[in-house]
Amino acid sequence: MEFYDAIKTRHSVRSYTGETVPREALDRIAQAVSAAPSACNIQPWTFRVILNQDLRAAISSVYKAPWLAEAPAIVLCIGNKEAAWKRIEGGSILDMDIGIAMEHLVLAAAAEGLATCWICAFEVKKMSAVAGILPPWEVLAISPLGKARTVPQSPKRKEISELFRVIE
Ligand SMILES: Cc1cc2nc3c(=O)[nH]c(=O)nc-3n(C[C@H](O)[C@H](O)[C@H](O)COP(=O)(O)O)c2cc1C
């Protein structure tokens, strides 16, 4: 799929068929994650694609949405604050690094004809414990991964002129 088409195709999908995600698609998505830039190339992330039904059920008990439980796979984006580069002022760059890697995953999934939905509205400690992730690693974002049952319209964006300006 052409890059800009993948961007247009991506929506936050909250309705999934149970159809299995092909392994070859997962391999290509993994390559896309690996290509993501990160500060000092530290790559302070690791991803898990959960196919196991019991573990998916446990994760869905922390972020309680029926559509998450429907998906055939759930992606965990796991970050390490201690490893990530620190800004000059001392703050961690982790959220920026994992945001880029996660978006590579989401756009690669769109190029594969697979749907996703970024999810962050969960308790990090609770989700990490359920997923068996130990400090300093934490589950910072998750996403269902699979075929969309219904594809929504994305909500309206701000005017381009408000978001992006070229200064000559
Ligand atoms: C960092 C981040 C966290 C998000 N967390 C959630 C979430 O917890 N639950 C949810 O349903 N959607 C979540 N979303 C999806 C947004 O609501 C969605 O991206 C936004 O409304 C734009 O819609 P679109 O993705 O279809 O273009 C999140 C998106 C981002 C980027």
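# Briefing: a ligand and the chain around it

Of the 14 residues around the ligand, the ones that come nearest are Arg10, Ser12, Arg14, Ser154 and Arg157. Keep in mind that this is a predicted model. The chain itself has seven helices and four strands. Below you'll find the ligand site, then the overall fold, then a handful of residues to click through.

**The ligand site**

- Sorted by class, the shell around the ligand consists of eight nonpolar, three polar and three charged residues.
- Tyr63 reaches the ligand with its side chain: a polar atom there sits 3.0 Å from a ligand nitrogen.
- Trp118 uses its backbone instead, with a polar atom 3.1 Å from a nitrogen atom of the ligand.
- Ala121 also brings in a polar backbone atom, and this one is 3.0 Å from an oxygen atom of the ligand.
- On its own the ligand has 620 Å² of accessible area, and the protein covers 66% of that.

**The chain as a whole**

- Reading from the N terminus, the order of elements is α-α-β-α-α-β-α-β-α-β-α.
- How does the radius of gyration fit with a compact globule? The chain has 17 Å, which agrees with the value near 15 Å that a compact globule of 168 residues would have.
- Taken along the principal axes, the C-alpha atoms fill a box of roughly 50 × 40 × 30 Å.
- Buried residues account for 41% of the 168 residues.
- Of the contacts with a separation of 6 or more, 76% link residues that are 24 or more positions apart.
- The accessible surface adds up to about 10100 Å², and carbon and sulfur atoms own 55% of it.

**Ser143 and Val75, a buried pair of neighbours**

- Ser143 is part of strand β4, while Val75 belongs to strand β2, which spans residues 73–80.
- Ser143 counts as buried because its relative accessibility is 0%, under the 20% cut-off.
- Val75 gets the buried label too, because its relative accessibility is 1%.
- These two are 68 residues apart in sequence, yet their C-alpha atoms are 5.1 Å apart in space.
- Neighbours within four places aside, Ser143 touches Ala73, Ile74, Val75, Met102, Thr116, Cys117 and Trp118. The last of these, Trp118, is the residue whose backbone has a polar atom 3.1 Å from a ligand nitrogen.
- Which backbone atom lies 2.9 Å from a polar side-chain atom of Ser143? That would be the backbone nitrogen of Cys117.
- With the same four-place exclusion, Val75 is in contact with Phe47, Arg48, Val49, Leu105, Ala141, Ile142, Ser143 and Leu145.

**The loop between β4 and α7**

- Ser154 and Pro155 both sit in this loop, which runs between β4 (137–146) and α7 (160–163).
- Is Ser154 buried, exposed or partly exposed? Ser154 has a relative accessible area of 26%, so partly exposed is the right label.
- Pro155 is exposed, because its relative accessible area is 60%, over the 50% cut-off.
- Ser154 is one of the residues that come nearest to the ligand.
- Beyond its neighbours within four places, Ser154 is in contact with Arg10 and His11. With His11, Ser154 makes a side-chain to side-chain polar contact at 2.8 Å.
- The loop has other distant partners in sequence to look at: Ser154 and Thr9 are 145 residues apart along the chain, with C-alpha atoms 9.9 Å apart.
- Likewise, 143 residues separate Pro155 from Ser12 in sequence, and the C-alpha distance is 9.7 Å.

**Ser128 in helix α6**

- Ser128 is found in helix α6, which covers residues 124–131.
- Ser128 is classed as buried because its relative accessibility is 6%.
- Not counting residues up to four places away, Ser128 touches Ile133, Glu138 and Val139.
- What about Ser128 and Leu163, and how many Å lie between their C-alpha atoms? They are 34 Å apart in space, with their positions 35 residues apart in sequence.

Technical notes: Residues are numbered from 1 along each chain as its sequence is written. This is a predicted model: local features need pLDDT of at least 70, side-chain atom pairs count only at pLDDT 80 or more; totals for chains, interfaces and linings use all residues. Side-chain values use heavy atoms; hydrogens and water are left out. A residue is near a molecule or strand if one of its heavy atoms lies within 4 Å of it. A polar contact is a pair of N or O atoms within 3.5 Å; within protein, one must be able to donate a hydrogen and the other to accept it, and residues adjacent in sequence count only if both atoms are side-chain atoms. Accessible areas come from the Shrake-Rupley method with a 1.4 Å probe; for residues, only the protein chains shown count as cover. Ala, Val, Leu, Ile, Met, Phe, Trp, Tyr, Cys and Pro count as nonpolar, Asp, Glu, Lys and Arg as charged, and the others, Gly among them, as polar. Helices (H or I, at least four residues) and strands (E, at least two) are DSSP runs, numbered from the N terminus. The radius of gyration is taken over C-alpha atoms; the globule rule is 2.2 Å times the number of residues to the power 0.38. Buried means under 20% relative accessible area, exposed over 50%, partly exposed in between (1.4 Å probe, protein chains only). Contact means heavy atoms within 4.5 Å.
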